[in-house]
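Let's take a walk through this protein together, starting with the whole chain and then moving in to a few side chains. Keep the viewer open as you read.

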Amino acid sequence: MANILALIELTPAGEPAASTRGLLAAAASLGTPVAVLAATAGPDAGTTARLGQLGAAVVFTGVGPQAGSILTAPAVEALEAAVATYAPAAVLAANSVDGREIAARLAVRTGGALLADAVSVRLDGDRIVAGHSIFGGAYDVESAVEGGLPVITVRQGAIDGAAPAAAGESATVPLSGAVPGARITSVNQAAASSSRPELRTAKTVVSGGRGLGSKENFALVEQLADALGAAVGASRAAVDAGFVDQHAQVGQTGVSVSPQLYIALGISGAIQHRAGMQTAKTIVAINKDGDSPIFDVADFGIVGDVFTVVPQLVEALAARPD
């Protein structure tokens, strides 16, 4: 099987980012996953074992003293070395701020082509095909590279499942001592304001819209999210009305999510919002207006008052046996 490189982003604490599982699952569907990371030292046994459990056949680490303090450039260098070593059929990276920049730089260095914000990947004979949701989710299209290395950024949460556990063999390469790029001088980790999952990578998301009516009523969204162990999202209208902070906004000008389950409460379903959530695997909409556009993309719809339906749903969830 062809080698598929997967860029593993690290948190400031040195842990693999939440996008790791999906990237390695996508890589395993195409070939043999090779996890690539840049670090100030070779991966410890725990990290190597964890990546092996997530499907990495090899953990390839670019090691350099500035790897943790220079933005993006060390990861590009590590990927370039991995491309030379493993001759991969494709390179995958998360469609994060860093991932997009690293992927674009690598595509230029290797003479490859960038396929951005993929929501699926598949094999078509000897070609790798990426699926995309474009123009605000109005169209689903596919793209492939005709010659050159495909460098694909994958929307976080879009790829479900997990790769079979693999050996997780370790390999390292030294990075150059002088790496150009913006330098990180300090990291101030914000205190977690909630125990809920992070919105972009959550498997379940409960979002509220203007139909909730007020910031006080938006608590209904949080109650259902807590009952499901879900992240909290919102439409732009709810954010603009001050019901919830902007970081919860889902849509074209907010966060794009692809959870297993997306529940929309009191959201009409404007195209701006649908662009950020309609690649969810299952969509449930609750709205008193049966003509709301949200029902056009919903797998299950309830035409009813959220203030009647949701409390009953929360009560039923609480009554479930453990």
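Helices and strands here are DSSP runs, with at least four residues for a helix and at least two for a strand, numbered from the N terminus. By that count, the protein chain has nine helices and 15 strands. Bear in mind as you look around that this is a predicted model.

How compact is the chain for its length? Its radius of gyration is 21 Å, close to the 20 Å that the globule rule gives for 322 residues, so the chain is as compact as a globular protein of that length. If you turn the C-alpha trace along its principal axes, you will find that it spans about 60 × 45 × 40 Å.

Next, consider how the chain packs. Of its 322 residues, 49% count as buried. Among contacts between residues at least 6 apart in sequence, 66% join residues at least 24 apart. On the outside, the accessible surface comes to about 14,700 Å², and carbon and sulfur atoms account for 52% of that area. As for charge, there are 28 negative side chains and 19 positive ones, and the centres of the two sets lie 3 Å apart.

Now zoom in on the aromatic rings, where the structure holds two pairs. In one of them, the ring centres of phenylalanine 60 and tyrosine 86 are 5.6 Å apart and the planes meet at 85 degrees; planes over 60 degrees apart count as edge-to-face, so this pair is edge-to-face. The pair links distant parts of the chain: phenylalanine 60 sits in strand S3 (residues 58-63) and tyrosine 86 in helix H3 (residues 73-86), 26 residues apart. Both phenylalanine 60 and tyrosine 86 are buried.

The other pair is formed by phenylalanine 135 and tyrosine 139, with ring centres 6.2 Å apart and planes at 85 degrees, so it is edge-to-face as well. Is phenylalanine 135 buried or exposed? Exposed means over 50% relative accessible area, and phenylalanine 135 has 65%, so it counts as exposed.

Let's finish at serine 19, which you will find in the loop between strand S1 (3-7) and helix H1 (20-30). With a relative accessibility of 10%, serine 19 falls under the 20% cut-off and therefore counts as buried. Which residues does serine 19 touch, not counting those up to four places away in sequence? They are Ala94 and Gln156.

Methods: Residues are numbered from 1 along each chain as its sequence is written. This is a predicted model: local features need pLDDT of at least 70, side-chain atom pairs count only at pLDDT 80 or more; totals for chains, interfaces and linings use all residues. Side-chain values use heavy atoms; hydrogens and water are left out. The radius of gyration is taken over C-alpha atoms; the globule rule is 2.2 Å times the number of residues to the power 0.38. Buried means under 20% relative accessible area, exposed over 50%, partly exposed in between (1.4 Å probe, protein chains only). Contact means heavy atoms within 4.5 Å. Accessible areas come from the Shrake-Rupley method with a 1.4 Å probe; for residues, only the protein chains shown count as cover. Lys and Arg count as positive and Asp and Glu as negative; His and the chain ends are not counted. The place of a charge is taken as NZ of Lys, CZ of Arg, CG of Asp or CD of Glu. Rings of Phe, Tyr and Trp (its six-membered ring) pair if their centres lie within 6.5 Å; planes under 30 degrees apart count as stacked, over 60 as edge-to-face and the rest as tilted.
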